[in-house]
Amino acid sequence: THPLKDWVAVGYFDTDVLEIYKDGMLTRKIRGPENFEIEKQIVEQAEGIYAAIGTSETKEAYLRIQANEDFIYTLFIGTMDSRRNHLHLFDWDGRPIQKLTFNHEIGGFYIEKQRENTYTLYVRDQETGLVGKIPLVL
């Protein structure tokens, strides 16, 4: 969510779609980067009760979306290697700004604006819990 305006970024976990809503209206729908559809299997869990569950073909896309007044930040999994080590940055018009790939899985991240166009990215390693600090100039 944008901190000052009624803008929201929605990323989907089961397909690589990111949507941007401004003042309640869908203004941008971003497909990709891998352009995959939802892969689910419908199973009957009890008589008359059905559920959609993942299969071996199910892929994962966007998760842990964060935003500030300048950018949208999200982890991306996709089919590249099924690891949570990709961080994608978009502006509020949906333009891709930067894609970062780490050599470890990301357990969490936080962005802090230092001054105009300068940010600090804090990334927590999923396995060790250690936090790295990365300067970004955007």
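# A predicted all-strand chain and its ties

Asp14 is partly exposed, with a relative accessible area of 21%. The assignment follows because a residue counts as buried under 20% and as exposed over 50%. The model in which this residue sits is a predicted one, and Asp14 offers a way into its charged contacts. The side chain of Asp14 forms a salt bridge with Lys40, in which the closest N and O atoms are 3.3 Å apart. Lys40 belongs to strand β4 (residues 40–46), whereas Asp14 is in the loop between β1 (7–11) and β2 (17–22), so the pair ties together parts that are 26 residues apart in sequence. Lys40, like its partner, falls in the partly exposed class, with a relative accessible area of 35%.

The overall frame may now be set around this pair. The protein chain contains zero helices and 12 strands, and a reading along the sequence accordingly gives the pattern β-β-β-β-β-β-β-β-β-β-β-β. Taken along the principal axes, the box filled by the C-alpha atoms is roughly 60 × 40 × 25 Å. Of the 138 residues in the chain, 36% are buried. The chain exposes about 8,100 Å², and carbon and sulfur atoms supply 48% of that area. Among contacts with a sequence separation of 6 or more, 31% join residues 24 or more positions apart.

Charge is the next topic. The chain carries 16 positive and 22 negative side chains, and the centres of these two sets lie 6 Å apart. The structure holds eight salt bridges. One of them joins Glu69 to Lys113, with the closest N and O atoms 4.0 Å apart. This pair links distant parts of the chain, since Glu69 is in the loop between β6 (62–67) and β7 (71–76) while Lys113 is in strand β10 (residues 106–115), 44 residues apart. Glu69 is partly exposed at a relative accessible area of 40%, and Lys113 is also partly exposed, at 34%.

Lys113 has a further partner in Asp70, and their side chains meet in a salt bridge with an N to O distance of 2.8 Å. Asp70 lies in the loop between β6 and β7 and Lys113 in strand β10, so this pair ties together parts that are 43 residues apart in sequence. The relative accessible area of Asp70 is 24%, which places the residue in the partly exposed class. Elsewhere, salt bridges that share partners join Lys22, Asp91, Asp93 and Arg95 into one network.

One member of that network, Asp91, merits a separate description. Asp91 lies in strand β8 and has a relative accessible area of 9%. Because that value is under the 20% limit, Asp91 is buried. The C-alpha atoms of Asp91 and Phe71 are separated by 4.5 Å, although the two residues are 20 apart along the chain. Beyond its neighbours within four places in sequence, Asp91 is in contact with Ile20, Asp70, Phe71, Ile72 and Ile97. Asp70, the salt-bridge partner of Lys113, is thus also a contact of Asp91.

The nonpolar interior can be described in two parts. The largest nonpolar core has 16 residues, and those with the most contacts inside it are Tyr73, Leu87, Leu100, Phe102, Phe109 and Leu121. Two or more residues of this core come from each of β7, β8 (86–91), β10 and β11 (118–125). Tyr73 illustrates the surroundings of a core residue. When neighbours within four places are left aside, the contacts of Tyr73 are Arg64, Ile65, Gln66, Ala67, Asn68, His88, Leu89, Phe109, Ile111 and Tyr119. A second, separate core has 12 residues, including Ile20, Phe36, Ala61 and Tyr62. Ile20 therefore appears both in this second core and among the contacts of the buried Asp91.

Some backbone details complete the account. The peptide bond from Gly32 to Pro33 is cis, with omega near 25°, and Pro33 lies in the loop between β3 (25–31) and β4. Asn35 is placed in the loop between β3 and β4 and has a positive phi of about 55° although it is not a glycine. Arg64 likewise has a positive phi, near 55°, without being glycine, but Arg64 is located in strand β6. With a relative accessible area of 37%, Arg64 is partly exposed, and Arg64 is also one of the contacts of the core residue Tyr73.

Conventions
Residues are numbered from 1 along each chain as its sequence is written. This is a predicted model: local features need pLDDT of at least 70, side-chain atom pairs count only at pLDDT 80 or more; totals for chains, interfaces and linings use all residues. Side-chain values use heavy atoms; hydrogens and water are left out. Helices (H or I, at least four residues) and strands (E, at least two) are DSSP runs, numbered from the N terminus. Buried means under 20% relative accessible area, exposed over 50%, partly exposed in between (1.4 Å probe, protein chains only). Contact means heavy atoms within 4.5 Å. Accessible areas come from the Shrake-Rupley method with a 1.4 Å probe; for residues, only the protein chains shown count as cover. Lys and Arg count as positive and Asp and Glu as negative; His and the chain ends are not counted. The place of a charge is taken as NZ of Lys, CZ of Arg, CG of Asp or CD of Glu. A nonpolar core is a set of buried Ala, Val, Leu, Ile, Met, Phe, Trp, Tyr and Cys residues joined through side-chain atoms within 4.5 Å.
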